[in-house]
Protein chains: 2
Amino acid sequence: MDKKELFNQFVAFTTAVHQVTHELTQNVKIENITPVQYKILEYIKVSQPVTPTEISDCQHMSLPNTSRELRKLQERKLIKKIIDTEDRRKHYVCLTEDGEKIMEEAFACIDERFQQLIQHASKKDLEDISYALNILDEKVFNPNS
Amino acid sequence: MDKKELFNQFVAFTTAVHQVTHELTQNVKIENITPVQYKILEYIKVSQPVTPTEISDCQHMSLPNTSRELRKLQERKLIKKIIDTEDRRKHYVCLTEDGEKIMEEAFACIDERFQQLIQHASKKDLEDISYALNILDEKVFNPNS
DNA sequence: TCCATTACTTATCATTTGATAACAAAATAA
DNA sequence: TTATTTTGTTATCAAATGATAAGTAATGGA
């Protein structure tokens, strides 16, 4: 196995992943939500509670810009902030009920398209896919966990 | 294999892929190139020659905006356009020598970080990774090819 | 107590990106 | 030939995003 060749395979693969994730999410349409705001909501949904600093780090945006987007999401009642009782500088960000509802709909929509994508997969195919995902997670994308 | 469970695994996986590709490309710094322009160059590099319409489709941007960015890249002598002799409406876009040089440097930089990522992988690991990439390409991300 | 650091906010400005209308030129179909 | 479609450009405006300075409040250490 040539490592250079593996790199080419890797590049083609990640391109395909980006393409497919774009297709899966493209018909998720939340009223008046910008792409960046959607990514933030998605992150909160999966990892809540999170602090603005964590969002800032994970989404690769400055804390001031994160703060601005969070304020907009809060104004739209999609998220709420809870101040840590231990360290009152820290804010824990969570989805509100409205936010949860919207994100569950979004995920359901993505899931629906995902199920279409794998509709022709056999039982063994599904096992192979799951196994392959695990291998790559373990050896490339999440080597520590 | 529960299809719902596979979806969760899939979501976590694609998130990790996006995260890692961001890390691999983040220290590719080309002077005065915007992210969109970089994505266009990357696409041209891999798929040249391409037409503006193809770029527009693949990068999910309107043709006018594609045209604008291509003009900027052309002004910087990173790409060139060749008019199709058969159908003179069509323009084939290619990298110039300067463009090739810059993109090869960029890819070398990404490759370097990729090699770090898999530096501890054994021969068998590499084979497993390659196999897993193939499986996923075949059954999920590139079902037609 | 005083000072430095951390977590976050507000405000402002520049740049990038997206959307749309109007146009030109070439190809194709009627 | 004339109309229609395709391919691409230019121009303009609005919105989203990025960068940075300045400020508040809480914490923790000297």
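In this predicted model, the end C-alpha atoms of residues 3-138 of chain A lie 18 Å apart, and the span is 68% helix and 7% strand. The stretch is a natural place to begin, since the unreviewed UniProt entry places the feature "domain: HTH marR-type" at these residues of chain A.

Chain A as a whole has six helices and two strands. Following the sequence from its start, the elements of chain A come in the pattern α-α-α-α-β-β-α-α, with the two strands placed between the fourth and fifth helices. As for overall dimensions, the C-alpha atoms of chain A fill a box of roughly 50 × 30 × 25 Å along the principal axes. The radius of gyration of chain A is 18 Å, whereas a compact globule of 145 residues would have a value near 15 Å.

The partnership between the two chains comes next. The size of an interface is often given as the accessible area lost when the parts come together. Here, the area buried between chain A and chain B is about 4800 Å², and carbon and sulfur atoms give 72% of that area. The contact draws on 44 residues from chain A and 45 residues from chain B.

Charged and polar pairs also bridge the two chains. Side chains of opposite charge can pair when their charged atoms come close. Between chain A and chain B the count is six salt bridges. One of the salt bridges in the model links Asp128(B) to Lys139(A), with 3.3 Å between the closest N and O atoms. Across the same interface, 14 residue pairs are in polar contact, both residues being at pLDDT 80 or more. On the side of chain A that touches chain B, at least two residues each come from α1 (3-25), α5 (97-117) and α6 (123-141). Sorted by class, this side of chain A has 23 nonpolar, 12 polar and nine charged residues.

Looking beyond the interface, a search of the whole structure finds 22 salt bridges over all chains. An example from chain A is the pair Glu42(A) and Lys39(A), whose side chains meet with an N to O distance of 3.1 Å. Glu42(A) and Lys39(A) are separated by about one helical turn, because they are three residues apart in helix α2 (residues 35-47) of chain A.

Some details of the backbone deserve a look as well. In chain A, a cis peptide bond joins Gln48(A) and Pro49(A), with omega at about 0°. Pro49(A) sits in the loop between α2 and α3 (52-58) of chain A. Chain B likewise has a cis peptide bond, joining Gln48(B) and Pro49(B), again with omega at about 0°. The loop that holds Pro49(B) runs between α2 (35-47) and α3 (52-58) of chain B. A further backbone detail concerns Asn32(A), which has a positive phi of about 55° although it is not a glycine. Asn32(A) belongs to the loop between α1 and α2 of chain A.

Methods. Residues are numbered from 1 along each chain as its sequence is written. Chains are lettered from A and ligands numbered from 1 in the order in which they are written. This is a predicted model: local features need pLDDT of at least 70, side-chain atom pairs count only at pLDDT 80 or more; totals for chains, interfaces and linings use all residues. Side-chain values use heavy atoms; hydrogens and water are left out. UniProt positions are given in the numbering used here, feature names are shortened, and annotations may be inferred rather than shown by experiment. Helices (H or I, at least four residues) and strands (E, at least two) are DSSP runs, numbered from the N terminus. Contact means heavy atoms within 4.5 Å. Buried area is the accessible area (1.4 Å probe) that two parts lose on being put together, summed over both. A salt bridge is a side-chain nitrogen of Lys or Arg within 4 Å of a carboxyl oxygen of Asp or Glu. A polar contact is a pair of N or O atoms within 3.5 Å; within protein, one must be able to donate a hydrogen and the other to accept it, and residues adjacent in sequence count only if both atoms are side-chain atoms. Ala, Val, Leu, Ile, Met, Phe, Trp, Tyr, Cys and Pro count as nonpolar, Asp, Glu, Lys and Arg as charged, and the others, Gly among them, as polar. The radius of gyration is taken over C-alpha atoms; the globule rule is 2.2 Å times the number of residues to the power 0.38.
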